[in-house]
Amino acid sequence: MLSITAVIPLYSVEPYLPDLLRSLEAQAPGRYDLDLVFIDDGSPDASGDIVERWLSSSRFPGQLIRQDNAGVSAARNRGMDAASGDWVTFPDSDDLLADDYFAAVARFLGDHADRIDVASTRLLRLREPRPEPEDVHALSFRFAGGDRVVPMVEYPDFFQLNVASAFFRLADLRRAGARFRTGLHASEDALFVAEYLLGVASPRLGLVASASYIYRRRAARDSAVDAFRTDPRAYYERFIDGYEPLMSGCGDRGVPEWLQSMFLYECQWLLPVQLTPDGRAEVLDEAQRETTLRALGACAQHVSEARLFEYDATALPLESRLLLQVLANRPLPPWVGSYATPGRGAVRLMTPVAAGADVRLVGADGETLVPSDARFTTPDYFGQDVLQVHHAEVDRMPRSVEVDGRPRPIVRRRGAEQIAETTDRHRRRVTGSWGIPGRQRDVRVWKPVAGPDAALGPRVRGLMRVALRLVKRLVRAGLVRRAR
């Protein structure tokens with residue numbers, strides 16, 4: 001019989017806590033023993049009292065530990081010290097668990113425990129006020145192949161960031177001296193996972209597709225995840241005090257690619273949104289914006305050029321990747337194109353360049369084409385000034401576009417394709433990866449089932465889902481052209 005301890009911090013979750021407790025009461029029996037450790041982290045509401053009453057009649061053994069408010073990391077550390085199970089997990093108190101959650105995890109661990117270093121369950125999202133959870137998480141591709149074990153060194157886009165939907169062997173955590181970092185205001189759980197797995201030579205991730213963890217996106221938008229955009233420290237602290245020291249500490253062995261991918265995943269939520277009105281970091285002053293850029297550059301120096309452009313866990317736009325390349329003090333790769341949009345009597349060209357670059361448009365006979373309109377723009381990622389985009393309009397397609405005397409490939413935009421799709425399609429061709437090109441504001445990547453040991457059935461279903469998605473996109477593009 002497998003023993004599991006669930007460590008659950010409590011802080012201002014009175015409206016949501018009953019849902020979690022009901023989901024615990026509904027857990028199906030299985031080959032597991034479950035005990036619960038709740039940590040009342042100085043909650044100002046009645047969360048602790050609700051749990052205390054519930055524990056008095058619960059079928060699961062448990063305890064409530066009360067402490068002065070010290071933050072979620074300190075609460076998890078306190079609960080980890082009190083844990084006694086073979087395996088430990090850290091659910092959030094405003095989330096829910098599927099009825100067979102622990103039974104499914106126990107079945108998986110019974111079959112694969114000796115082959116894995118951390119287990120991850122499928123994460124569904126409950127977006128209030130919608131009543132039903134949805135399978136829309138950016139990393140859901142990991143579970144398309146069913147229950148399986150993935151070696152992270154060989155498949156670096158398979159990584160684990162949160163601890164709420166993860167299970168760890170308690171003895172391994174204690175042997176490694178693993179602790180949650182207190183004082184951080186974002187990504188403290190991702191750094192906990194990364195620091196623990198850096199102590200494992202070849203970490204293996206167990207994917208429990210049969211167990212569903214239901215993450216609540218609060219309608220009130222008052223969770224820690226929502227609040228980070230209003231806290232300046234959340235933009236740079238995780239990199240200065242977290243990722244960069246971890247990466248630097250890898251020394252001569254090099255930074256494992258799965259950790260590089262974790263950093264790039266963080267950038268997915270930080271960089272593209274800076275160009276949108278609702279995502280721009282208005283909370284930062286000029287000094288804090290500069291600090292954020294320096295922190296990103298310090299981490300990007302530990303990301304290889306190959307990993308930067310091959311990363312495919314999320315649809316990180318090419319422009320964001322190019323910014324990280326320049327922040328890392330590296331030149332743009334020679335394959336980066338000049339992206340052309342042919343039109344009636346004119347061709348528009350968009351060419352990403354390092355700041356200060358000279359751009360020349362060359363005609364069929366080698367002459368310099370003079371554009372009717374030419375300008376440089378500087379995408380405003382935290383006020384950066386190292387990456388620019390050259391825009392030009394000419395009356396015919398150039399033979400080549402030269403940047404500082406070196407030709408760039410000209411990549412033609414297709415039909416109603418967004419320019420973001422054009423750049424991502426080109427990147428995929430260069431790196432040899434297959435997936436539906438990402439559009440502006442896309443986060444999720446649509447691609448065939450990736451990774452090892454997926455059965456034929458999941459692979460076929462995955463291909464059908466991707467094909468259907470591609471057909472829908474082509475149909476929409478055709479409708480757009482007809483409307484025009």
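The secondary structure of the protein comprises 14 helices and 17 strands, where helices (H or I, at least four residues) and strands (E, at least two) are DSSP runs numbered from the N terminus. The model is a predicted one, in which local features need pLDDT of at least 70 and side-chain atom pairs count only at pLDDT 80 or more, while totals for chains, interfaces and linings use all residues. Residues are numbered from 1 along each chain as its sequence is written, and side-chain values use heavy atoms, with hydrogens and water left out.

The radius of gyration of the protein is 25 Å, which agrees with the value near 23 Å of a compact globule of 484 residues; the radius is taken over C-alpha atoms, and the globule rule is 2.2 Å times the number of residues to the power 0.38. Along the principal axes, the C-alpha trace spans about 85 × 50 × 45 Å. The accessible surface amounts to about 21,200 Å², and carbon and sulfur atoms contribute 50% of this area. Accessible areas come from the Shrake-Rupley method with a 1.4 Å probe, and for residues only the protein chains shown count as cover.

Of the 484 residues, 55% are buried. Residues are classed by relative accessible area as buried (under 20%), exposed (over 50%) or partly exposed (in between), with a 1.4 Å probe and protein chains only. Among contacts (heavy atoms within 4.5 Å) between residues at least 6 apart in sequence, 76% join residues at least 24 apart. The protein carries 64 positive and 65 negative charges, and the mean positions of the two sets are 8 Å apart. In this count, Lys and Arg are positive and Asp and Glu negative, whereas His and the chain ends are not counted; the place of a charge is NZ of Lys, CZ of Arg, CG of Asp or CD of Glu.

The largest nonpolar core contains 86 residues, and those with the most contacts inside it are Phe168, Tyr243, Phe263 and Leu296. A nonpolar core is a set of buried Ala, Val, Leu, Ile, Met, Phe, Trp, Tyr and Cys residues joined through side-chain atoms within 4.5 Å. When residues up to four places away in sequence are not counted, Leu296 touches Phe239, Phe263, Cys267, Leu270, Leu271, Leu324, Leu327 and Phe382. A second, separate core has 40 residues, including Phe38, Ala104, Ile116 and Ala119.

Two residues other than glycine were examined for their backbone angles. Ser12 has a positive phi of about 50° and lies in the loop between β1 (2–10) and α1 (17–25). The relative accessible area of Ser12 is 29%, so this residue is partly exposed. Asp404 likewise has a positive phi, near 50°, and is placed in the loop between β15 (400–403) and β16 (406–408). With a relative accessible area of 53%, Asp404 is exposed.

Three helical positions were also considered. Val72 belongs to helix α3 (residues 72–82) and is partly exposed, at a relative accessible area of 34%. Beyond neighbours within four places in sequence, Val72 is in contact with Pro9, Asp41 and Glu188. The C-alpha atoms of Val72 and Phe192 are separated by 12 Å, although the two residues are 120 residues apart along the chain. Glu305 occupies helix α11 (residues 305–310) and is partly exposed, with a relative accessible area of 34%. Apart from neighbours within four places in sequence, the contacts of Glu305 are Gln325, Arg330, Pro331 and Pro333. Between the C-alpha atoms of Glu305 and Met350, 45 residues apart along the chain, the separation is 22 Å. Thr423, in helix α13 (residues 419–431), has a relative accessible area of 9% and is therefore buried. Outside the four places on either side in sequence, Thr423 is in contact with Leu318, Tyr339 and Met350.

Two glycine residues are located in loops. Gly249 is found between α8 (233–248) and α9 (257–268), and a relative accessible area of 58% makes Gly249 exposed. Gly249 and Leu198 are 51 residues apart in sequence, and the C-alpha to C-alpha distance is 9.9 Å. Gly356 lies in the loop between β11 (346–354) and β12 (359–362) and is exposed, with a relative accessible area of 72%. The C-alpha atoms of Gly356 and Asp95, which are 261 residues apart along the chain, are separated by 50 Å.
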